[in-house]
Amino acid sequence: MEQNLSTPWLSSYGHLPGTLEYSEKSMSAAVLDTAAREKDFIALSFNGRKIPFAEMAANIERTAKAFYNIGVRPGKRVLVCLPNVPQAIYCLYGLNRIGAVAAMVHPLSAVGEIVQYINEASCEYAVTLDQFYSKFQEVGKQCKLKKLVIARVSDELPFVLPFLYRLTTECKFPKVVCTDTVTKWNDFLQGADNVTAGYAFEKDCRTEAVVLFSGGTTGTSKGIMLSDYNFNALALQTATMADEEVWHSKMLAAMPVFHGFGLGVCIHTMMFTGGTSILVPRFNVKSYAQLIKKNRPNFIAGVPTLFEAIARNTYLDGVDLSCLRGVFSGGDSLSVELKKKFDSFLKEHNSRIRIREGYGTTECVTASCLTPHDKEKEGSIGIPYPDMIFRICEPGTETELPFGEEGEICISGPTVMIGYINHEEENASTLHKDGSGRIWLHTGDLGMMDEEGFIYFRQRIKRMIVTSGYNVYPSQIENVLDAHRAVRMSCVIGVPDPYKMQKVKAFVVLNEGFKDSPELREDILAHCKKFVAKYAMPYEVEVREELPKTLVGKVAYTKLS
């Protein structure tokens with residue numbers, strides 16, 4: 001680490017190392033090494049089925065051979081359009097094993113979005129579930145795939161459940177018609193028998209391994225190229241910053257595999273270190289609570305809306321949560337009020353820990369900053385991971401700002417992406433090389449750093465509201481709104497105004513027991529006046545039954561008006 005880089009956060013590391021030695025192996029080689037050591041320990045848990053590391057490794061090898069058999073070769077991208085099911089894990093590492101690239105996308109994406117992903121990543125092969133077969137038939141009318149592989153949830157269920165699931169659920173899905181270009185998962189796997197050698201590829205860990213797509217809340221989704229080294233570094237950093245034993249621990253993997261948080265933290269960190277990922281294909285607060293009670297996980301991770309849902313329901317009433325070693329929030333800003341609420345929830349349920357907020361971008365896989373386990377500051381997203389260097393710059397420049405001043409968050413370190421696919425102009429504006437050759441990611445996020453190196457996220461620059469020449473940051477007003485006794489969730493946007501250019505509008509979802517009325521809205525505005533400058537005050541509060549969400553669970557503020 002260069003001595004001229006300011007790293008004030010290292011004083012808050014305590015006994016944790018500030019720098020680490022990272023694996024130079026491919027993702028699959030690192031995980032197969034873990035599997036060789038762990039063998040009988042459970043790697044994946046899915047709807048009651050326990051899959052030991054040895055079995056997972058065998059399935060990865062079989063999937064790798066099957067992909068090789070249908071013509072997938074090193075460097076080729078394959079669209080993996082799956083939720084959190086075991087086949088998604090086999091595809092991820094199986095493709096990596098043969099030097100190919102998994103392009104992970106949300107299975108609930110619209111037809112047009114899937115076509116865009118296929119074209120963006122130049123995918124000739126795809127894998128999805130039977131329930132999305134008809135969608136891919138429509139996709140096929142707009143872009144041609146060499147092979148579409150259709151998997152079923154029932155193929156990975158234990159005992160009698162496959163029969164019941166087929167009888168009650170899969171029978172409702174359109175019948176899959178196998179052709180030269182469409183095949184079922186089990187038939188696809190049969191092709192592995194045709195491959196005995198020559199399929200494994202010794203790949204450079206710095207080359208592309210996974211493509212993830214940006215959330216799309218600030219514009220057109222872009223394919224983000226990430227390397228084996230990016231993911232392996234993220235896994236070791238996360239395990240280190242957890243400051244708890246991750247080996248042989250259990251992580252409830254509700255964050256989706258097509259999101260950096262889910263794939264990097266909930267899956268690869270656990271597979272890399274020798275833990276168990278409990279796969280949750282679809283979040284439902286009641287079933288999620290049942291999984292917690294049944295499996296007693298050591299770690300849970302999610303977006304703030306997940307923790308808000310847990311805290312306001314009664315499904316975990318009286319449940320002992322002393323099993324928890326870490327609860328991590330990311331993907332969106334955790335309000336001060338929700339943090340206090342969930343910390344109280346944890347304490348009431350016999351947990352010794354507090355929720356820890358992280359920050360990251362898909363351009364760095366996921367988290368690159370986390371609240372230390374033994375030190376937190378209100379409103380802070382914590383301190384950088386080992387070997388991740390943060391600095392606050394004047395937006396759009398390389399000029400570093402002093403402690404306490406707001407500017408653009410810029411990041412350098414081993415998890416910074418290779419770049420966007422076919423977006424050279426954006427690569428040039430996002431990735432900057434300094435005089436020493438160090439690459440800096442300009443995040444487009446506003447924040448500041450204090451003298452101890454704690455980072456404070458303010459807002460995405462593009463979401464900033466400018467009204468009458470003043471800058472207004474929606475998340476700050478949302479924190480105020482969320483503190484009102486009647487407000488469960490809020491979102492603040494700027495709407496066009498002929499005089500002010502933009503004016504501030506607030507949307508809220510009410511807590512149970514409160515009903516929308518002119519008096520309540522006036523009371524919420526009166527509460528805001530206590531904490532919000534006059535120029536930043538919402539001109540209107542609109543009450544909604546719910547707020548629109550993006551595919552990864554964030555509030556989709558671009559859909560509000």
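In the predicted model, R296 adopts a positive phi of about 45 degrees just after helix 10. Helix 10 itself spans residues 285-295, and its buried residues are V285, Y288, A289, I292 and N295. These residues cover an arc of only 150 degrees around the axis, and they therefore lie on the same side of helix 10. This arrangement can be related to the geometry of helices in general: an α-helix has 3.6 residues a turn, so residues three or four places apart point the same way. The cover over the buried residues of helix 10 includes strand 1 (42-46), strand 2 (49-52), strand 10 (250-253), strand 11 (276-279) and strand 12 (299-302), together with helix 11 (304-312). At the start of helix 10, a side-chain oxygen of N284 comes to within 2.9 Å of the backbone nitrogen of K286.

A packing of two helices is formed by helix 1 (residues 27-38) and helix 9 (residues 260-273), whose axes are 7 Å apart and meet at an angle of about 50 degrees. Because of this angle, helix 1 is oblique to helix 9. On the side of helix 1, the contact is made by M27, A30, V31, T34 and R37, while helix 9 contributes H268, M271, F272 and T273.

Strands 25, 26 and 27 form an open sheet of 3 strands in the order 25-26-27, with mixed pairing. Strand 25 (487-497) and strand 27 (540-543) stand at the edges; each has a single partner strand, so one side of each is left without a neighbour in the sheet. On average, neighbouring strands of this sheet are turned by 30 degrees against each other, direction ignored. In general, strands of a sheet pair through backbone hydrogen bonds, either parallel or antiparallel. Strand 25 and strand 26 (residues 501-510) run antiparallel and are joined by 10 bridges. Within this pair, V487 stands opposite L510 of strand 26.

Two helices lie across strands of this sheet. Helix 14 (residues 474-482) lies across strand 25 and strand 26, and runs at about 140 degrees to strand 25. Helix 14 is mostly covered, with 7 of its 9 residues buried. The buried residues are P474, S475, I477, E478, V480, L481 and D482 of helix 14. Helix 15 (residues 518-529) lies across strand 25, strand 26 and strand 27, and its direction makes an angle of about 130 degrees with strand 27.

How values were computed:
Residues are numbered from 1 along each chain as its sequence is written. This is a predicted model: local features need pLDDT of at least 70, side-chain atom pairs count only at pLDDT 80 or more; totals for chains, interfaces and linings use all residues. Side-chain values use heavy atoms; hydrogens and water are left out. Two strands pair if DSSP finds at least two bridges between them. Helices (H or I, at least four residues) and strands (E, at least two) are DSSP runs, numbered from the N terminus. Axes are lines fitted to C-alpha atoms, for helices over the stretch in contact, and angles run from 0 to 180 degrees between N-to-C directions. Contact means heavy atoms within 4.5 Å. Buried means under 20% relative accessible area, exposed over 50%, partly exposed in between (1.4 Å probe, protein chains only). The arc is that of the directions from the helix axis to the C-beta atoms. A polar contact is a pair of N or O atoms within 3.5 Å; within protein, one must be able to donate a hydrogen and the other to accept it, and residues adjacent in sequence count only if both atoms are side-chain atoms. Angles under 35 degrees count as roughly parallel, over 145 as roughly antiparallel, 65 to 115 as roughly perpendicular and the rest as oblique.
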